[in-house]
Amino acid sequence: MSGSYDDSVGVEVSSDSFWEVGNYKRTVKRIDDGHRLCNDLMNCIHERARIEKVYAQQLTEWAKRWKQLVEKGPQYGTVERAWCAFMSEAEKVSELHLEVKGSLMNEDFEKIKNWQKEAFHKQMMGGFKETKEAEDGFRKAQKPWAKKLKEVEAAKKAYHAACKEEKLAISRETNSKADPALNPEQLKKLQDKVERSKQDVLKTKEKYEKSLKELDNATPQYMENMEQVFEQCQQFEEKRLRFFREVLLEVQKHLDLSNVASYKNIYRELEQNIKTADAVEDLRWFRANQGPGMSMNWPQFEEWSADLNRTLSRREKKKASDGVTLTGINQTGDQVSQPNKHSSSLSVQSNTVQSVQSSYNPFEDEEDTGSTVSEKEDNKIKNVSSYEKNQSYPTDWSDEESNNPFSSTDANGDTNPFDEDTPPAMEVRVRALYDYEGQEQDELSFKADGENVPSFLQGMS
């Protein structure tokens, strides 16, 4: 037997090697991927720039809002300045992040865009010129070798088929020798078939080996041509990789604010402002401006003066005509319902009070203040501080409950201030243009050229 046949030999083992026919397409696809990666990198930088812009805007809004709150709040002195230093820091950092956003878009983004335009050239029929050149180069280098590979596959298939046929012929011949009923002529035919199958095996094997040898001889040239095209693709990809590395380094420099001198100065200045806060100094200032250290006009003996009396009289008259100003009014529900008491400090009748002016009126309606409930809720959210520095406090006080301008001696009386006087009866005379007799009960009758008094008014008169 010229050769042995194994069924496992006919099973083709798939290979993912670059040298297999058509596997160069992954290298060609890498060129298209390079163009797409440029777009991805530009989108990445654009999103980061947008984040930098939004962050800068939020820092500015935060600094503006809290600076107003701290300035209007109860904090004072050096600690207030230290607190406000954080808002100054936020404003300066906001400017730096806007500069980062500008660098990312104006430098890095535009650089990638221009490089992509120079490296990839679009065709009229679609695709890129660089992709087509690589595809054509690989196909040209692989075509001769692929043709010989196809011949080898055909020769191998024929050889394996001949070996299978030889094995079947030998098996039939062996079985026929053990059969006594088989005549010599039939046995002779089986033996001839075995001989022919052996010759076919030899011929196909020789052809298979020859084609395989030719393929081996063509492989070095095939590899050289494929390597040449592949190196061209490698050089193109190397340019892209080096460019990406360069751009990423520039992006890193733009994002890294720790190496920016002005950024370091911001926090150095912030630390100095915080360290200048002095509790002792703030307490001393508060004592001098808000505490016992304030000056006071203590009461002193004053001589009576007629001019001064006339001046006071004019002021009192003017004050009585303009209304009464009340400050520091604190009322409860029980006090409002009680009748008004005369006090040594202030006596006011409810029907003579025309206007009440105060720095703070807890009874003031929303319509009088010109604000709505939603606006007040917004003010509560915005104004975090408990009170403002310039908030006025009532200075007038009394230990009696008589200072109630909202109570009246008529509060429990029988009179109703809302009742209106009944108007007196009126007689109206009218002149009719023609005679008319009322047809219904609710109609009037008139005589022409005469003064008439409607019947419903006659009873009233």
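**Group meeting: cores, a surface patch and His254**

At 18% relative accessibility, histidine 254 counts as buried, because the cut-off for buried is under 20%. Keep in mind that this is a predicted model.

Where does histidine 254 sit? Its place is in helix H4, residues 184-255. Now its contacts, leaving aside neighbours within four places in sequence. Histidine 254 touches Val100, Ser103, Leu104, Glu107 and Asp108.

On to the interior. The largest nonpolar core has 42 residues. Which of them touch the most other members? They are Ile45, Ile112, Phe120, Phe138, Met226 and Val247. Four helices each give two or more residues to this core: H1 (25-72), H2, H3 (129-177) and H4. H4 gives the most, with 13 residues. Apart from this core lies another one, of nine residues. Leu59, Met87, Val93 and Ile266 are among them.

Back to one member of the largest core, isoleucine 112. Again I leave aside neighbours within four places in sequence. Isoleucine 112 is in contact with Cys38, Leu41, Met42, Ile45, Phe243 and Val247. Two of those names, Ile45 and Val247, you have just heard in the list of core residues with the most touching members.

In soluble globular proteins, nonpolar side chains tend to be buried together. Now look at the surface. Trp62, Trp83, Phe86 and Ile274 form a nonpolar patch there. Together they have about 370 Å² of accessible area.

Take phenylalanine 86 from that patch. Phenylalanine 86 is in helix H2, residues 77-119. Its relative accessible area is 36%. Phenylalanine 86 therefore counts as partly exposed, since that class runs between the 20% and 50% cut-offs.

Conventions: Residues are numbered from 1 along each chain as its sequence is written. This is a predicted model: local features need pLDDT of at least 70, side-chain atom pairs count only at pLDDT 80 or more; totals for chains, interfaces and linings use all residues. Side-chain values use heavy atoms; hydrogens and water are left out. Buried means under 20% relative accessible area, exposed over 50%, partly exposed in between (1.4 Å probe, protein chains only). Contact means heavy atoms within 4.5 Å. Patches are made of residues with over 30% relative accessible area and no salt bridge: like charges are joined within 9 Å, nonpolar side chains (Val, Leu, Ile, Met, Phe, Trp, Tyr) within 5 Å. Accessible areas come from the Shrake-Rupley method with a 1.4 Å probe; for residues, only the protein chains shown count as cover. A salt bridge is a side-chain nitrogen of Lys or Arg within 4 Å of a carboxyl oxygen of Asp or Glu. A nonpolar core is a set of buried Ala, Val, Leu, Ile, Met, Phe, Trp, Tyr and Cys residues joined through side-chain atoms within 4.5 Å.
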